[in-house]
Amino acid sequence: MATEKEGDVRIERRGPEKILHFLVFGMVVGAIEVILEKYNVEPSGKFVVIVGAGRLVGLPAMIWVSQHGATVCLVNKGAEDISRFTRQADILVTGSGEPRSITGDMLKEGVVVLDAAYEVV
């Protein structure tokens, strides 16, 4: 992804229901929710591919998008030919911890990509 398209999300809404939501699903899923809302992307009816099955990104994201009516495919980062899944995605969430593991040729036109990367400094 081009760095000019990257961005940080800061959660502005802080009601009790939002705090509970973050405690249950974590901040990454909270950020995913805010981004999708901001850009009017509804997970319902979409095919969502999640790369990485970790407890901080992949598993909570899988539960959340499932609860919002998406069809979900969870792909472990060691799977052979991840692109056979990513090319079908309407929404792609990456949380594999592997930089540059997803490239443009692995995506279909119009896919929404949410890269849940972090860096320890």
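Let's start in a loop: Ser96 sits in the stretch between E3 and E4. Loop or not, is Ser96 buried or exposed? With a relative accessible area of 9%, Ser96 is buried, because the cut-off for that label is under 20%. As for what surrounds Ser96, leave aside the neighbours within four places in sequence and the contacts are Val51, Gly52, Lys77 and Ser101. Keep in mind as you look around that this is a predicted model.

Now step back to the whole chain. You can pick out four helices and four strands, and reading along the sequence they come in the pattern α-α-β-α-β-α-β-β. Of the chain's 121 residues, 37% count as buried. The accessible surface adds up to about 8000 Å², with carbon and sulfur atoms making up 53% of that. How much of the contact map joins residues at least 24 apart? If you take contacts between residues at least 6 apart in sequence, 52% of them join residues at least 24 apart.

Helix H2 is a good place to go next. It runs over residues 27-38, twelve residues in total. At 1.5 Å a residue, H2 should span 16 Å, and its end C-alpha atoms are indeed 16 Å apart, so expectation and model agree. Quite a run of H2 is buried: Val29, Gly30, Ala31, Ile32, Glu33, Val34 and Leu36. Right after the helix business is done, you meet Asn40, which follows H2 and has a positive phi. Asn40 lies in the loop between H2 and E1, and its phi is near 55°, a positive value in a residue other than glycine. Asn40 counts as exposed, because its relative accessibility is 72% and the cut-off is over 50%.

Helix H3, residues 58-67, has its own buried set: Gly58, Pro60, Ala61, Trp64 and Val65. Why do these residues belong to the same side of H3? They cover an arc of only 160° around the axis, and that puts them on the same side of the helix. The general background is that an α-helix has 3.6 residues a turn, so residues three or four places apart point the same way. H3 is followed by Gly69, and here too phi is positive, near 85°.

So what do the buried side chains build? The largest nonpolar core has 15 residues, and Ile32, Val48 and Val93 are the ones with the most contacts inside it. H2, strand E1 (47-51), H3 and strand E3 (91-94) each supply at least two residues of this core. Take Ile32 as your way in: not counting residues up to four places away in sequence, Ile32 touches Ala61, Trp64, Val93 and Leu114. Apart from this core lies another one, of eleven residues, including Cys73, Val75, Phe85 and Leu92.

Charges come next. Side chains of opposite charge can pair when their charged atoms come close. How many salt bridges does the chain have? The count comes to one. The partners are Asp90 and Lys108, whose closest N and O atoms are 2.8 Å apart. This pair links distant parts of the chain, 18 residues apart: Asp90 is in the loop between helix H4 (83-86) and E3, while Lys108 is in the loop between E3 and strand E4 (112-115). Asp90 is partly exposed, with a relative accessible area of 23%, and Lys108 also counts as partly exposed, at 32%.

Two more loop residues round out the tour. Asp81 is found in the loop between strand E2 (71-75) and H4. Asp81 is not a glycine, yet its phi is positive, about 50°. At 47% relative accessibility, Asp81 counts as partly exposed. Thr103, for its part, takes you back to the loop between E3 and E4, and at 34% relative accessibility Thr103 is partly exposed. Where Thr103 lies relative to Ser83 is easy to check on screen: the two are 20 residues apart in sequence and 9.1 Å apart in space, C-alpha to C-alpha.

Definitions and conventions:
Residues numbered from 1 in each chain as written. Predicted model: local features only at pLDDT ≥ 70, side-chain atom pairs only at ≥ 80, totals over all residues. Heavy atoms only, no water. Expected span 1.5 Å × (residues − 1). Buried < 20%, exposed > 50% of the residue type's maximum accessible area, 1.4 Å probe, protein only. Contact = heavy atoms within 4.5 Å. Areas by Shrake-Rupley, 256 points an atom, 1.4 Å probe, with all protein chains shown as cover. Arc of directions from axis to C-beta. Core = buried A, V, L, I, M, F, W, Y, C linked by side-chain atoms within 4.5 Å. Salt bridge = Lys/Arg side-chain N within 4 Å of Asp/Glu carboxyl O.
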